[in-house]
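Visitor: I should like to be guided through this model by a series of questions. May we begin once it is displayed?

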There are 2 protein chains.
Amino acid sequence: MKIVLDAMGSDNYPVPDVAGAVLAAREMGGDDQVIVVGDEERVRAELQKYDTAGLPLSVVHSSQVIEMTDKPAQAVKSRPDSSMVVGMDLVKSGQADAFVSAGNTGGVLATALFRLGRIRGIKRPGLTVLFPLPNGPVVLLDVGANADCKPEYLYQFGLMGSAYAERVMGRQRPKVATLSNGEEEGKGNTLVKEAFGLLQASPLNFIGNVEPKELVAGEADVVVTDGFTGNVFVKTAEAVSKMLTGMIGDQIKANPVTTLGGLLAKPAFGRVKRQMDPHEVGGAVLLGVEGVVIVGHGRSNDVAVKNAIRQACAAVQGDLLGAIRQGLADYPSTP
Amino acid sequence: MKIVLDAMGSDNYPVPDVAGAVLAAREMGGDDQVIVVGDEERVRAELQKYDTAGLPLSVVHSSQVIEMTDKPAQAVKSRPDSSMVVGMDLVKSGQADAFVSAGNTGGVLATALFRLGRIRGIKRPGLTVLFPLPNGPVVLLDVGANADCKPEYLYQFGLMGSAYAERVMGRQRPKVATLSNGEEEGKGNTLVKEAFGLLQASPLNFIGNVEPKELVAGEADVVVTDGFTGNVFVKTAEAVSKMLTGMIGDQIKANPVTTLGGLLAKPAFGRVKRQMDPHEVGGAVLLGVEGVVIVGHGRSNDVAVKNAIRQACAAVQGDLLGAIRQGLADYPSTP
């Protein structure tokens, strides 16, 4: 299979992007290949830093870039030779199987919608994160593609998230839940209450509502929510983690004994940090568009880029799109 | 002033409740008084554990209890002699100035709505927490009274939260913000976008959207949101904090050196825990009903109950209700 890597994506493009492509290519076998799309001169200059002889790497030139600060829809339309558009078109034309970028999330979303379009029957694509937990990540969507949702969207998020958990992560009959303000049926806002009914009537393995506590305890494989709440959830988790570790650090440094203790305990903090490191789990997945599309964090390093490429390979190998289409055919919840 | 304390509120009622009333009464001066409402026999048995001679404490008997597991609306109607209903009626009749309970939040909410009613002009009361932050709490509402909200409610939450921050916490011209998925104007779901306009046009000191990151950094004094998102926010913060401290603890115990480090650093962890302890800041406030109503956590200890009573005193002293009424009169956002 062929994976497109947007070389002009990350905050420090093309350095970690190209380095990640090299790492991924080194692990590839068979006919697999990474197609690096970006400014050819800059990409080749980066590639020269590595021994790439015999590696399944090719370069496709593009003269423009969609930057982190760009307004997505506008940028996609005005920059047809950007690495995002050129790369996405390789997927559209069948020359590649998946698209990976550590760039502007809104840009990737807009490019995917404009160039690939939605899977027939899917109302709205869902931006999906693998939220890291001590015993393996939970699939959470939508985290930002749709600030306002209808119950039907949440059902389809469940279908797509379930397909991802099964085909890409190897979870058996994934447990799907709605994020809510209480566990019992009947809790939630109007959206959640209505989505609850749709999900319960569906063939999915729907386990009902989860509160953040249960989500974090790993009680579900897939948690669905509207893109506003999902975004607030993810950002709250990040903000609170940072605040708490910052406060612990400050208090440890407040006196010599606790400072010594902190130094001795440092490896433990490091292990927790790694366990919760989003770089380890790969990127966010845009579920519901006509292609495998992965968006890494702007701060991605080479390992994060490599992991995102591997994640794309796993999605192609597991026939993620086929599974979503099949799910829609088996249970067309709306005529 | 006279503060009603529901003796049958906390998970371990009436033990910490009565103990908290005694602590509060010891700090009171002038004509101030705590009216302890509950099963008289049990309350008096608790009171006998302390030297209450001369303390401004009185007991009002009630024969029924609204338990944590009760369905609120039903319980309020079927138990007219419950401590919540009897206590709330003391406020309604003017025999007391405020009501404090560490009981069933939904029960307190329903009792307040049925017995006190809303302040004239207020569309929906907002359940308000003082979310603990390193540099002092932020006022956050709604965290659960209204899962579905209209923009007008969010504006009124801003008005009420601002009155609370100013009159009870002494913040000057409190900064009010909407919780959103992005800082810029135009970010948010439809509700947030419409509330943004209302708040911006109001006399409040509206600073725009905050993401969880900015909320946690203390950039606003008051943050308004719908009761679903607010509830998810608070529960996410709690769940992630617990998960993280649990993971750190596990990793520290994983080897002898880090275990020793953890022991030495323990006081630092204790200080962080106290800084973030909701018991220290008092209870949640039900803003928008015709009385000062404070709901403490079910796990409240005596100090938490005392702090909630002090918080009620401060709200009465600051004429919180008067400030809300004045705000409505000055800027009747809807005719």
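Guide: Two strands pair if DSSP finds at least two bridges between them. The model before us is a predicted one.

Visitor: In which sense do strand E2 and strand E3 of chain B pair?
Guide: Strand E2 of chain B covers residues 33–38, and strand E3 of chain B covers residues 57–61. Within this pair, B:Val36 stands opposite B:Val59. The two strands are joined over 5 bridges, and the sense of their pairing is parallel.

Visitor: Which hand has the β-α-β crossover from E2(B) to E3(B)?
Guide: On leaving E2(B), the chain passes through helix H2 of chain B, residues 40–47, before it reaches E3(B). The hand of this β-α-β crossover is right-handed.

Visitor: What relation connects chain A with chain B?
Guide: Two copies of a chain are related by a rotation about an axis and a shift along it. Here chain A can be laid on chain B with an RMSD of 0.0 Å by a turn of 180° and a shift of 0.0 Å along the axis. That is therefore the relation of a two-fold axis.

Visitor: Which residue of chain A has the C-alpha nearest the axis?
Guide: The C-alpha in question lies 1.8 Å from the axis. It belongs to A:Gly261.

Visitor: What radius of gyration has chain A, and why does the value agree with a compact globule?
Guide: Chain A has 335 residues, of which 57% count as buried. A compact globule with 335 residues would have a radius of gyration near 20 Å, so the value for chain A agrees. That value is 21 Å.

Conventions:
Residues are numbered from 1 along each chain as its sequence is written. Chains are lettered from A and ligands numbered from 1 in the order in which they are written. This is a predicted model: local features need pLDDT of at least 70, side-chain atom pairs count only at pLDDT 80 or more; totals for chains, interfaces and linings use all residues. Copies are superposed by least squares on the C-alpha atoms of residues with pLDDT of at least 70 in both. The radius of gyration is taken over C-alpha atoms; the globule rule is 2.2 Å times the number of residues to the power 0.38. A residue is buried if 20 or more other C-beta atoms lie within 10 Å of its own, exposed if 12 or fewer, and partly exposed in between; C-beta atoms are placed from the backbone. Helices (H or I, at least four residues) and strands (E, at least two) are DSSP runs, numbered from the N terminus. A crossover is right-handed if, with the strands pointing away from the viewer, the path from the first strand over the helix to the second runs clockwise.
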